[in-house]
Each structure stands twice: as structure tokens, then as C-alpha cells.
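User: I've got a structure open and would like to talk it through with you. Could you take my questions one by one?

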Amino acid sequence: MHFHILTLFPEMVCDGLHTSVIGRAADQGLLSIHAVNIRDYTENKHGKVDDYPYGGGAGMLMQAQPVYDAYKAVADKIDSGTSKVRVIYLSPQGKLFTQQMASELAKEENLIFLCGHYEGIDERVLEEIVTDEVSIGNYVLTGGELAAMVMIDAISRLVPGVLGNQDSGVAESLEGSLLEYPQYSRPEYWHGKQVPAVLMSGHHANIARWRREQSIVRTAKKRPELLEKAQLSEEERALAQRARME
Ligand code: 6GU
């Protein structure tokens, strides 16, 4: 998987993503992260990339020319065969990002992320290059970079090998699945609290049953809407029901 990020703040994206799990995956060649500075493509001799909006209004807009030329430089380098490379524009007006969307995007060989700043980007270049407009939640950020980083993190952990030997990223979507059960590590006693005895028993079937019950109870209490699509036995449904009443 090759991520290409068109941005005015390439260090923010590069530094942020070359850390921890994603950074290790990049070092191992499982994925690559290329941040392209849109400013490097401006034809303005002072390096300007923004201007006032026609018709007036607050703030400045990113101009079409540098955005388009940065995109073109990246797109021309990608050999995408017959299919066109997807260009994701991060915007609060976009479709809400989900685990389902992450799984679909994880199948692509290359992805281009376009990060806007100021009050936005000239509409004409968006019309020409953007294939997907995506939002990461119902709040407003100052720019698309953090949103692109969130998406790249969620997509990268689904790339084979990135999570190491663990199960493959888990769950097609959070819908229809359960939340994680609580976990404990050494010491057995901490701040007067003891690790649940079943986990110290070495009885694998009991441990598995306890964990499943914990997952069901937690989901019922914290995210009851997820249970609608979950596969539960009659007994488990009753357990969930009781947990919601508590
Ligand atoms: Cl993708 N971009 C910006 N600028 N703000 C957002 C967002 C994206 N998603 C939620 N808020």
C-alpha cells in the first residue's frame, strides 16, 4: 500500500505516521508514506498558494493551480494500470469514515489524500480530481491533515503483516461484533484490586466463556446499538438485556 498525501504541512503527516506500528510497517516496506508539499508546485514566484474568494467572505482559499500540479505529479508517477487512482478529499462535508470504508480502501494499491487548509480549495480543481470526499466525524478541524492521518492509521492496520502475527485487523466492521473484554497483566494485585480469579485458573474453556460474557455485558452497557446485528444465543441475549437494565 502506497499513501500519497498532498498537503501544505508535509512534516506533520510524515512525523506523525513514521512512529509506532505504522512507522515500523513503513520501515519493513509493507507500506509507504509520501507527503507532497503543495507549495513546491506553485507557479507564484513568492510561493503563494492561496488567494481571496471571489464574491467576498471570510478567509483565503487554496488556489487550483498548485493543487492540480501537485496531484498531476503524483498521479503521473503511479502506474495504476487500467483503474484510476482514488483521490480522497478530507472535508467535514464528506461521507462519514467507517471501518467498512477502511476495509474497502485497504484493497487499493495507491491512495492519494488531499488536505485542505484555510477556508477550503477552489471548487474547480476538486471537481476535476476528487473521487471520494470523506469526513472523520461531526466536528470541524483546521485542516485535513489529522483526518488523513486517522484514515491512514485505520487503513494501514488492515494491510497484511502490519499488525504482526495477530488476527488480521479483526472485524469487517464494528457493526455485528462485540467490544473487547477487559484485560489484565502483572502484578496480580494492584491498588488493592485483584485480577479476576478465572484468568489465573488456567482453565481455557472457562476463560473463553468469561471473556465472551464480558464482551457481551460491555457492549450492552457501552454501545447497545452494536448488539442489534451481533450473533448471540438466546441465553446471551438475556445476559445483554440484564446488563442494560443494571
Ligand atoms: Cl476530513 N477535515 C476537516 N477539515 N474537518 C473535519 C474533517 C475533515 N472531518 C471532520 N472534521
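**Ligand site and fold**

User: Before the ligand, how many helices and strands are there in the protein chain?
Analyst: Bear in mind that this is a predicted model. Going by the DSSP runs, the protein chain comes out at nine helices and nine strands.

User: Why is the chain said to be more spread out than a compact globule?
Analyst: The C-alpha atoms fill a box of roughly 70 × 45 × 40 Å along the principal axes. For 246 residues the globule rule gives 18 Å, and the chain is well over that, so it counts as more spread out than a compact globule, with a radius of gyration of 23 Å.

User: Okay, on to the ligand. Where does the ligand sit?
Analyst: The test is that more than half of its atoms lie within 2 Å of the grid points. The site that the ligand sits in is the largest pocket.

User: Which element gives the largest share of the shell around the ligand?
Analyst: Two elements give two or more residues to that shell, namely β7 (132-135) and β5 (86-96). Residues around the ligand include L90, S91 and P92, along with V134 and S135. The largest share is three residues, and it comes from β5.

User: How many residues of that shell are charged?
Analyst: Among the residues around the ligand are I136, Y139, V140, L141 and A147, as well as G137 and G143. The shell divides into eight nonpolar and four polar residues, and the number of charged ones is no residues at all, i.e. none.

User: Which residue has a backbone N or O atom 3.0 Å from a ligand nitrogen?
Analyst: Polar contacts here are N or O pairs within 3.5 Å. S135 uses its side chain, at 3.3 Å from a ligand nitrogen, while L141 has a backbone N or O atom at 3.1 Å from one. The backbone atom at 3.0 Å belongs to I136.

User: And how much of the ligand's accessible area does the protein cover?
Analyst: On its own, the ligand has 290 Å² of accessible area. The share covered by the protein is 96%.

User: Any backbone oddities? Which peptide bond is cis?
Analyst: Look at the loop between α6 (145-156) and β8 (189-190), where P187 is found. With omega near 5°, the cis bond is the one from R186 to P187.

Methods: Residues numbered from 1 in each chain as written. Predicted model: local features only at pLDDT ≥ 70, side-chain atom pairs only at ≥ 80, totals over all residues. Heavy atoms only, no water. Near = heavy atom within 4 Å. Polar contact = N/O pair within 3.5 Å; in protein donor to acceptor, adjacent residues only side chain to side chain. Areas by Shrake-Rupley, 256 points an atom, 1.4 Å probe, with all protein chains shown as cover. 1 Å grid on protein atoms, 1.4 Å probe; cavity = no way out; pocket = protein on both sides within 12 Å on 5 of 7 lines; lining within 4 Å. Helix = DSSP H or I, 4+ residues; strand = E, 2+ residues; numbered from the N terminus. Nonpolar A, V, L, I, M, F, W, Y, C, P; charged D, E, K, R; others polar. Rg over C-alpha atoms; globule rule 2.2 N^0.38 Å.
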